[in-house]
Amino acid sequence: MSLFTQYMNVIFNHRLARHMIYWIGVFVYFCLYGLGHSQPLLVSFFVIMVDFPFQILATYAFLYFQLPLLFKRKYLEFSISLLALGYLFYLGVHFNHDFGIGTNLISWHKPHTVSEILTSGEFLFRQTVDIYIVVFTTAIIKFVKDHWASQGRIEQLQAEVARVEYNSVVAGVDSALVLDTLDKIISSNDHNNRHTSEMIAALSHVLDGVLYKTRSSTIKIEEEIDQLESYLQLVSQVYPDIQMRNYEREVTDIGRLAPVLSLHKVMSFLYAEIKKQVRKATLDILLFERDECLYFQITVSEFGDRTLDLRGLEELFKTHFEDDVKHHILEEKDQIVIKIMME
């Protein structure tokens with residue numbers, strides 16, 4: 001990194017440095033403006049310094065005191081403060097011109113009396129305009145700068161949201177399932193398979209649930225079951241070696257909530273482990289309600305001579321389920337039964 005770049009980073013990262021650079025730039029502009037009118041540099045300096053301190057004070061008073069009143073719809077307070085401070089800054093400029101720095105301009109200039117300064121409408125208007133033309137120009141520059149900064153923050157937030165949504169997809173759906181589904185859709189579409197549209201709809205519903213329903217921590221049980229059924233419909237077409245022999249649902253509107261994508265995640269874990277460990281299996285799924293409790297039972301059978309290890313399922317329950325969700329895993333010689341009860 002060059003020395004110039006380091007200095008620029010220091011300037012842009014420190015608010016005081018940015019403000020000093022801005023006011024130096026304004027001062028230089030006024031000097032160049034005077035030179036353009038054949039005004040000697042020393043004269044320009046004294047002319048500028050009559051107004052300049054009060055232009056700076058008026059700018060900060062307007063941006064950080066008066067404008068907030070306007071944004072809060074305190075119109076009376078804003079109007080009173082604008083008139084009062086505008087008058088005080090005019091007095092400061094006029095006194096500075098007649099009794100301060102302005103005496104270096106014309107040595108023979110006879111200063112106005114205090115009463116003339118306090119009541120002179122001509123000088124009040126002219127010098128107030130000289131002050132507030134800098135104030136309003138600076139305010140416009142700040143608004144444009146803040147607008148672009150806001151646009152940058154909005155774009156950054158949109159990128160963050162996209163990244164969160166992507167991570168949600170990765171966390172909520174087995175990435176292999178998405179890729180395998182796309183391969184299956186392409187293959188079936190080439191053969192004019194009638195199940196192509198069903199797979200597309202099921203994948204769309206699954207991804208929609210992961211992207212948007214995960215923005216809250218809970219969901220109605222009925223919606224959670226619909227999400228589960230879309231997932232089951234999808235995997236049954238993508239992975240025909242894992243057959244769903246039986247699916248029974250006896251659930252009406254029981255009016256309670258469940259952890260979002262909880263049933264979905266159980267099945268996603270189960271399918272991933274079956275594919276990895278035994279490849280083939282048969283599933284029997286039962287969903288029913290009793291006494292306002294939801295019972296979810298999965299029986300895994302016909303997975304051959306291999307052992308199906310589901311110890312990771314315990315960690316899943318600890319992570320994604322509340323204490324009022326009970327579960328049991330019954331392992332037998334030729335089948336595994338997973339029972340979940342949501343009170």
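Mentor: A crossing of two helices is left-handed if the near helix is turned anticlockwise from the far one by less than a right angle, and right-handed if clockwise. Keep that in mind as we go through this predicted model.

Trainee: Which hand does the crossing of H2 and H3 have?
Mentor: H2 covers residues 15–36 and H3 covers residues 41–71. Apply the rule to this pair. The crossing of H2 and H3 is right-handed.

Trainee: Is H2 oblique or roughly antiparallel to H3?
Mentor: The axes of the two helices come within 10 Å and cross at roughly 140 degrees. Roughly antiparallel needs an angle over 145. The crossing angle therefore makes H2, relative to H3, oblique.

Trainee: In the contact of H2 with H3, how many residues are nonpolar?
Mentor: On the H2 side, the residues include Trp 23, Val 26, Phe 27, Phe 30 and Cys 31. They meet H3 residues, among them Phe 45, Ile 48, Met 49, Phe 52 and Ile 56. Five of the contact residues are polar and one is charged, while the nonpolar ones number 14.

Trainee: Is Cys 31 buried or exposed?
Mentor: Cys 31 is one of the H2 residues that meet H3. The cut-off for buried is under 20% relative accessible area. At 11%, Cys 31 is therefore buried.

Trainee: How many disulfides does a search of the whole structure find?
Mentor: A disulfide is a covalent bond between the sulfur atoms of two cysteines. Besides Cys 31, consider Cys 293, which is buried at 12% relative accessibility. Burial does not settle the matter; the sulfur atoms must lie within 2.5 Å. The number of disulfides found is zero.

Trainee: Which C-alpha separation links Phe 54 and Val 93?
Mentor: Phe 54 is found in helix H3 and is buried at 18% relative accessibility. Leaving aside neighbours within four places in sequence, Phe 54 is in contact with Phe 89, Gly 92, Val 93, Asn 96 and Ile 131. Phe 54 and Val 93 are 39 residues apart along the chain, yet their C-alpha atoms are separated by 6.8 Å.

Trainee: Gln 127 is in contact with Tyr 90, His 94 and which other residue, leaving aside its neighbours within four places in sequence?
Mentor: Gln 127 lies in helix H6, residues 121–172. Its relative accessible area is 8%, so Gln 127 is buried. Phe 54 also contacts the residue you want. The missing partner of Gln 127 is Val 93.

Trainee: What is phi of Arg 73?
Mentor: Most residues other than glycine have a negative phi. Arg 73 has a positive one. Arg 73 sits in the loop between H3 and helix H4 (75–99), and is exposed with a relative accessible area of 66%. Its phi is near 65 degrees.

Trainee: And what is phi of Arg 279?
Mentor: Arg 279 is in the loop between helix H10 (262–277) and strand S4 (281–290). At 61% relative accessibility, Arg 279 counts as exposed. Its phi is again positive, near 70 degrees.

Trainee: Over the chain, what share of the contacts with a separation of 6 or more comes from residues 24 or more positions apart?
Mentor: The chain holds 11 helices and seven strands. Of its 343 residues, 37% are buried. Among contacts with a separation of 6 or more, the share from residues 24 or more positions apart is 69%.

How values were computed:
Residues are numbered from 1 along each chain as its sequence is written. This is a predicted model: local features need pLDDT of at least 70, side-chain atom pairs count only at pLDDT 80 or more; totals for chains, interfaces and linings use all residues. Side-chain values use heavy atoms; hydrogens and water are left out. Buried means under 20% relative accessible area, exposed over 50%, partly exposed in between (1.4 Å probe, protein chains only). Axes are lines fitted to C-alpha atoms, for helices over the stretch in contact, and angles run from 0 to 180 degrees between N-to-C directions. Helices (H or I, at least four residues) and strands (E, at least two) are DSSP runs, numbered from the N terminus. Angles under 35 degrees count as roughly parallel, over 145 as roughly antiparallel, 65 to 115 as roughly perpendicular and the rest as oblique. Contact means heavy atoms within 4.5 Å. Ala, Val, Leu, Ile, Met, Phe, Trp, Tyr, Cys and Pro count as nonpolar, Asp, Glu, Lys and Arg as charged, and the others, Gly among them, as polar.
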